[in-house]
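Reader: Could you walk me through how to read charged pairs and buried polar residues in a model? Please start with the charges.

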Amino acid sequence: MIPAVSLDAYTAARQRAGLVDRADRARIVVSGADRAAFLQGLLTNDIVALKAGQGCYAAYLTAQGRMIADLYVYELGDVLLLTLHRDVKDAVMTKLDQVIFSEDVQLGDVTETFAQIAVVGPAAASMAAGVLDVPAETLHGMPEHGNFRTSWLASPKLPGVYSSEGGAGSPAIVTRAGDTGEPGFDLFVERVHAEALKTSLMAAGAIEVDPATAEAIRIESGVPLFHHDMDEDTIPLEAGIESRAISFSKGCYVGQEVVIRVLHRGHGRVARKLVGLRLEGDRVPQKGAAIRAGDREVGRVTSSTQSPALRRPIALGYVHRDFVEPGAKVTVDGAAAEVVALPFVRPAV
């Protein structure tokens, strides 16, 4: 049974500002003088090129080019902050620790130390600025993956809402977020202050977005999620993340040979590809539902939802390379479906 989408929360996130509790994310801090050089040889993007306040999206691969994780990397100036799917955090910590030899690198699991709360939507900058010690213009001007440290504090617009007992004045990290599907900002605060910050944001006008609605926005935006649309058998080119996650000008990294072989010898063609599917009827397919072309099974659904914007079921799924072009006709659990270009819905900002 696919959980129902809240239209009020959906409208808030798409047209004003929504609050998303990022409970599915984990956080790792990498410190030490060699932190960037250490990750440079392990991750697919250019980590040593990052200056303080910059970040990137990257993948961590096996030597066979399969994904261990996808993650966001933020250079804060004195440490690197990694955020990734909570399900893979322990495996990533273990693998990173195993390849530290003489490097000046230390790893810290801060998943339970800090909470991560996203504010997304067209009004996210002004909403977040209402509880942060920064002007809205600073947030509006943040580049993709930008980040900085600040604090959250009482707002003159909302007298009496904040107090030092509630955490006002406490340190916060702000990053530009896009993986929710609707652009916005991730706010990192000490976990003990998470509920107070959420209360402050909602008092400022943000509407809390439940998991089912957040999932609908993500799928509409065509953003793949690890252990849903990508897993340990996926290579980045199958998931279509190579333009965002891979640097083609940096030096060597683990798994690079496989990626280059597919791009150069295979001209980028892979056996299967993640695509969008627009379905007829009103039944939302389950994860794992078969995608067929006639009597031939050509793929499987990985994520699905009832799209509030399109007013019909939509899904993400892998299909055989013969069926990846938009317009390809298939069926999903007997319902007619069409392969479409991603995203299904573009954000308002």
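Author: Let's start with a network: Asp 21, Glu 195, Lys 198 and Glu 208 are linked by salt bridges. Side chains of opposite charge can pair when their charged atoms come close. The cut-off for a salt bridge is a side-chain nitrogen of Lys or Arg within 4 Å of a carboxyl oxygen of Asp or Glu. This is a predicted model, where local features need pLDDT of at least 70 and side-chain atom pairs count only at pLDDT 80 or more, while totals for chains, interfaces and linings use all residues. Residues are numbered from 1 along each chain as its sequence is written, and side-chain values use heavy atoms, with hydrogens and water left out.

Reader: How many salt bridges does a search of the whole structure find?

Author: The search turns up 22. Take Asp 78 and Arg 149, whose side chains meet in one at 3.1 Å, N to O. Asp 78 sits in the loop between S4 and strand S5 (80–85) and Arg 149 in strand S8, so the pair ties together parts 71 residues apart in sequence. Strands here are DSSP runs of E, at least two residues, numbered from the N terminus.

Reader: Are Asp 78 and Arg 149 buried or exposed?

Author: In between. Buried means under 20% relative accessible area, exposed over 50%, and partly exposed in between (1.4 Å probe, protein chains only). Asp 78 is partly exposed at 42%, and Arg 149 is partly exposed at 45%.

Reader: Which residue forms a salt bridge with Glu 280?

Author: That's Arg 312, with the closest N and O atoms 3.4 Å apart. Glu 280 is in the loop between strand S12 (272–279) and strand S13 (290–293), and Arg 312 is in strand S15 (residues 312–320), so this pair links distant parts of the chain, 32 residues apart. Then there's Lys 329 with Glu 338, at 3.5 Å, N to O. Lys 329 counts as exposed because its relative accessibility is 58%, whereas Glu 338 is partly exposed at 21%.

Reader: Now the buried polar residues. Why does Asn 147 count as buried?

Author: Because its relative accessibility is 7%. Asn 147 is found in strand S8 (residues 147–151). A polar atom of the Asn 147 side chain lies 3.0 Å from the backbone oxygen of Gln 54.

Reader: And where does Glu 75 lie?

Author: In strand S4 (residues 67–75). Glu 75 is buried too, at 7% relative accessibility. Setting aside residues up to four places away in sequence, Glu 75 touches residues including Arg 35, Lys 51, Gln 54 and Asn 147; contact means heavy atoms within 4.5 Å.

How values were computed: Helix = DSSP H or I, 4+ residues; strand = E, 2+ residues; numbered from the N terminus. Polar contact = N/O pair within 3.5 Å; in protein donor to acceptor, adjacent residues only side chain to side chain.
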